[in-house]
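Me: I am new to this structure and would like a close look at one part of it, the salt bridges. Please take me through them in one connected answer.

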Amino acid sequence: MIYLFSDGYVDQFGGTNNKKFTTKRLRDYCLEFTSFRLQKQKERIEKTFANWKGENEQTDDMLVIGIRF
């Protein structure tokens with residue numbers, strides 16, 4: 001899998017300490033589910049973002065693309 005993403009996902013504030021999601025966290029998180037079907041990966045990415053963001057406003061537009069080869 002190859003993942004491409006804009007900074008909108010990783011710059012989102014949230015979590016228990018209201019900090020940014022960070023590139024490292026997204027990279028590590030994606031490694032956990034690379035073997036899942038693409039639809040399941042999409043669901044996990046969307047759910048994780050919503051949980052992370054919580055009640056915070058979305059700070060930026062975001063794009064996540066997964067390419068399986």
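To begin with, is Asp11 buried, exposed or partly exposed?

Reply: In this predicted model, Asp11 counts as partly exposed, because its relative accessibility is 24%, and buried would mean a value under 20%. The partner of Asp11 in a salt bridge is Lys20, with 3.8 Å between the closest N and O atoms, a distance that falls within the 4 Å allowed for such a pair. Lys20 is likewise partly exposed, its relative accessible area being 39%. As general background, side chains that carry opposite charge can pair when their charged atoms come close.

This pair belongs to a wider set, since the structure holds four salt bridges, and among them are two that involve Asp28. In one of these, Asp28 is joined to Lys24, and the closest N and O atoms lie 2.7 Å apart. Both residues sit in helix α2, which covers residues 23-32, and because Asp28 and Lys24 are four residues apart there, about one helical turn separates them. Asp28 also forms a salt bridge with Arg27, where the closest N and O atoms are 3.9 Å apart, again within the 4 Å cut-off.

Taken together, Lys24, Arg27 and Asp28 are linked in a network of salt bridges. As for how open these positions are, Asp28 has a relative accessibility of 32% and therefore counts as partly exposed, while Arg27, at 45%, is also classed as partly exposed, given that exposed would require a value over 50%.

Methods:
Residues are numbered from 1 along each chain as its sequence is written. This is a predicted model: local features need pLDDT of at least 70, side-chain atom pairs count only at pLDDT 80 or more; totals for chains, interfaces and linings use all residues. Side-chain values use heavy atoms; hydrogens and water are left out. A salt bridge is a side-chain nitrogen of Lys or Arg within 4 Å of a carboxyl oxygen of Asp or Glu. Buried means under 20% relative accessible area, exposed over 50%, partly exposed in between (1.4 Å probe, protein chains only). Helices (H or I, at least four residues) and strands (E, at least two) are DSSP runs, numbered from the N terminus.
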